[in-house]
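Biologist: Please choose a single part of this model and look at it closely, residue by residue. Then connect that part to the rest of the chain in one continuous account.

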Amino acid sequence: MKSKEIREAYLNFFNNKGHAIFPSAPMVVKDDPTLMFINAGMNQFKDIFLGNETPQNKRVVDTQKCMRVSGKHNDLEEVGHDTYHHTMFEMLGNWSFGDYFKKEAIAWAWEFLTEEMGISKDRLYATVFEGDSENGLEKDDEAMNHWKNHLPEDRILYGSKEDNFWEMGDTGPCGPCSEIHVDLRNEEERERKPGTELVNRDHPMVIELWNLVFIQFNQKANGELETLPEKHVDTGMGFERLCLVMQDTYSNYDTDLFQPIIQELSKMAGKDYGKDDMTDVAMRVVADHLRAISFSIADGQLPSNVKAGYVIRRILRRAVRYGYTYLNFKEPFIYRLLPTLIEVMGDAFPEIEAQQDLIGKVIREEEGTFLKTLDTGIKLLDGVIERTKKNNYKVVDGKTAFDLYDTYGFPLDLTELILKEHDLVVNRKEFNQELEKQKERSRQAGKIETGDWIKIREDEREEFIGYDYTETEVQITQYRKVKSKGKEMYQLVFNYTPFYAESGGQVGDTGYIEYEGEKISIIDTKKEHNQTVHYAKKLPDDPYASFKAVVSSEKRKKTANNHTATHLLHHALREVLGQHVEQKGSLVHPDYLRFDFSHFQKLSREEIEKIEKIVHYYIRRNISREEKREVPFQQAKDMGATALFGEKYGDLVRVIKFGDIVELCGGTHVDATGQIGSFKIISETAISAGIRRIEALTADKAEEYIRKNLQTLEEVSQLLNNPSNVSKSVEKLIEDNNKLNKQIESLLQDKVNSLKRDLLNKMEQVNGVNYIADIIDIDSAGAMKDMAFQMKNEVDNLVLLLGANIDGKANLTLMISENLVKEKDVNANEIISEAATEIKGGGGGQPFFATAGGKSPDKLSAALDKGRKLLMEKIG
């Protein structure tokens, strides 16, 4: 069966069992401080398991895009070296939210694998949880008894807590799980050794295929387990592994999910797949990483130097370096594989085809940038090799290798490969010590300690009422203490709230809650697991009281101005630049707005003026806001609302409309566009290939910006005696200044030439060496350096020692011809350092050129005398 048929068969099988087919959530996670990427199929249903959201369907089936490259689930360094690890992968899942449990989950998994897929029953094994006395957990006899209906007891194995007990994290929903393993070895190997001895032993042909998780407990921060009121089923089957089984291959990379990409790469590189181990590894790395990078960009995450963006950049650079080292690609190449990826996966995930141009441009630019970095790193490494060999060492210290890795992005394996060609090695222990120090710094920087939620009162669903109210009476339903970077604060959840939680690019509300004279500041508001969390520096004296909650209305008003302005800006950009413009990110702050969008060239001044003019047109019309809440998603799209790539929308959405501008949006907005008052773009820049960024101001901030610029213009005009055309007068001033600078440069050069002639007249010959030492009158240390290099190029066997008083400071310069450095074993750096002690200063440089500065210009003669004495000891 082809991969497309396998995926379709799975979804249809469970759909026929009453499961609603759910689309994959975006792989890039937004508005969740605990996770950067979806790393398991359950992530998009986390809030249901936590009890923060009521499921609309009790039974669900899906295929979820996942990524595991950081944190606990980190498979990156394995990818390409074995047959089954991946960065981006698909997780097939069927779910029960308080509906069926172990019996049905086990029976349907068995039915799908053996009847729908036709996998031989005697090749399958199941594992169940053996229990854990330390944690008071009994063995899962219920699952064992259900498996006995399908498998002989000797093929049902007990597993430890590590293998057969699933946990969302240190706290939260958890429960025993039952894994299904398949033995893909040939008959001869199976007869020689039973599969029971190889399950969970990392054998490449006896692999876990499906994990059935039975969520029945909630784990608290102290380790205590409490039984959940509703039990859930969460299953996950690796799609790539299922394709391996069904297509009878020995590697996931030999399936039709990867082979078209690998074969195209093989043609591009002129190397056959299957002929050389490291060439094969490189092709697998590139094929895998292409998928991860492309889907991440499609879901809205661009490569960058922070957080999720850094992860994507790191994956891409790993692919580039394997292509560079083992496939001999010295120019960007990964972007050329994108059409093949779309052929393989575009049907199931149309977002990669819809954004093909953007994905290709981003990848190509990132490749080009890193290839330049590799070139720089190789040059730096050449210097390290030269110094190491000169000192007769065989080991390069780990700190140097780590600096290459950390500062220049130069990978350790490539460093080791190049060093090996020169019979050198890296001190791995030192490298790992430096790496661990960096990791510890990162851990400490991001370390957050959270306590258990303390429930005060029951509340089925927290409601946001901030669209209609900025003041109301609230009660705290639960709270917990949080410690971050040594500071303690409290997170509070209310029964309902007027505070908007940070999301959709809009910052969270601030304000306060008050009871009997005690006022507690709310310093931020965020969304966590579908509930609004309010951050306070202290807990109220009486958390059981009813509080008056007040949102900072002035901040909310300014934020609303900027949020509505982003909608007007988005519309204006599409009108001026074209319908290809898509929003790629935004920040809505009370003081300013930032808007990222897809476009492939810098905006001209005329385009920016047109965009501002359109936005002001909508502001002047004072268009009232039309708002529709809980609109079915398809109905909202039929209304013309824009849905953004990489965003996860529910079945019911909120629609915001200003005239003909219609968008899906959960943020706060003005009642009418006239409230925005004014709009001014203050910058337009590129942030990545094909992505531009506009920053703009509204209302009083825009007026203040314009007023300051007009004031500056007026001051310039006054300085120029109020000309009729200020810009032409400034141009004339610049032109005159350039002419004067050229005249000054000419005069300075004449002075330098005169100085050179004077110095040449004072030149002595000592044992075949042309020696000059003098105190000169010169304007800058830079001019003295330039003159020294000129004389070095004009005079052979030169030793030039100069002193100068520049702006009341003593300056020394020493230039020595390179041949003398080697022949006479003389070092300018050492001599200048000694001579500088006379002027109460210091300096340094290279063996052939060094400079020094000091506080005592009256001691320059003494410094030159000392320098001369040291030089004569070497050359005379």
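**A salt bridge between two helices, and its surroundings**

Modeller: Lys 558 has a relative accessibility of 21% and therefore counts as partly exposed. The class of buried residues ends under 20%, so at 21% Lys 558 falls in the partly exposed class. The model is a predicted one, and what follows should be read as a description of that prediction.

The partner of Lys 558 is Asp 700, and their side chains meet in a salt bridge with an N to O distance of 3.9 Å. The two residues come from distant parts of the chain, with Lys 558 in helix α17 (residues 553–577) and Asp 700 in helix α20, 142 residues apart. The cut-off for a salt bridge is a side-chain nitrogen within 4 Å of a carboxyl oxygen, and the pair, at 3.9 Å, is counted under it. Asp 700, at 39% relative accessibility, is also classed as partly exposed. Side chains of opposite charge can pair when their charged atoms come close.

Helix α20 has a nonpolar feature to add. Its residues run 699–719, and Ile 706 is among them. Ile 706 joins Leu 710 and Leu 713 in a nonpolar patch on the surface, and together the three have about 260 Å² of accessible area. The relative accessible area of Ile 706 is 32%, so Ile 706 is partly exposed. A patch takes residues with over 30% relative accessible area, which means that Ile 706, at 32%, passes that limit.

How many salt bridges does the structure hold? The total is 55. Another one that spans the chain is Lys 17 with Glu 111, at 3.1 Å from N to O. This pair, too, links distant parts of the chain: Lys 17 sits in the loop between α1 (3–15) and β1 (20–22), Glu 111 sits in helix α3 (residues 102–116), and 94 residues separate them. Lys 17 has a relative accessible area of 22% and is partly exposed. Glu 111 is partly exposed as well, with a value of 22%.

A further pair is Glu 627 and Arg 629, whose closest N and O atoms are 2.6 Å apart. Glu 627 counts as partly exposed at 24% relative accessibility, and Arg 629 does so at 39%. Elsewhere, salt bridges with shared partners join Asp 122, Arg 123, Asp 183, Arg 185, Glu 187 and Arg 190 into one network.

In the numbering, strand β6 (residues 124–129) follows Arg 123 of that network. Six of its six residues are buried, so strand β6 is largely enclosed by the rest of the structure. Leu 124, Ala 126 and Val 128 point one way from β6, while Tyr 125, Thr 127 and Phe 129 point the other way. Strand β6 is joined by four bridges to β9 (residues 172–183), and these two run antiparallel. Within that pairing, Tyr 125 has His 181 as its bridge partner. Four bridges also join β6 to β7 (residues 156–159), here in parallel, and Phe 129 stands opposite Gly 159.

Some charges on the surface gather with others of like sign. Lys 809, Lys 840, Lys 855 and Lys 859 form a patch of positive charge. Lys 840 belongs to the loop between α24 (828–836) and β35 (841–845), and its relative accessible area of 62% makes it exposed. A patch of negative charge brings together Glu 458, Asp 459, Glu 460 and Glu 463. Glu 463 is in strand β16 (residues 463–464) and is partly exposed, at 43%.

As for the whole, the protein contains 25 helices and 36 strands. Its C-alpha trace spans about 105 × 80 × 55 Å along the principal axes. Of its 876 residues, 50% count as buried. Lys 558 and Asp 700, the pair examined here, are partly exposed.

Key: Residues are numbered from 1 along each chain as its sequence is written. This is a predicted model: local features need pLDDT of at least 70, side-chain atom pairs count only at pLDDT 80 or more; totals for chains, interfaces and linings use all residues. Side-chain values use heavy atoms; hydrogens and water are left out. Patches are made of residues with over 30% relative accessible area and no salt bridge: like charges are joined within 9 Å, nonpolar side chains (Val, Leu, Ile, Met, Phe, Trp, Tyr) within 5 Å. Accessible areas come from the Shrake-Rupley method with a 1.4 Å probe; for residues, only the protein chains shown count as cover. Lys and Arg count as positive and Asp and Glu as negative; His and the chain ends are not counted. The place of a charge is taken as NZ of Lys, CZ of Arg, CG of Asp or CD of Glu. Buried means under 20% relative accessible area, exposed over 50%, partly exposed in between (1.4 Å probe, protein chains only). Two strands pair if DSSP finds at least two bridges between them.
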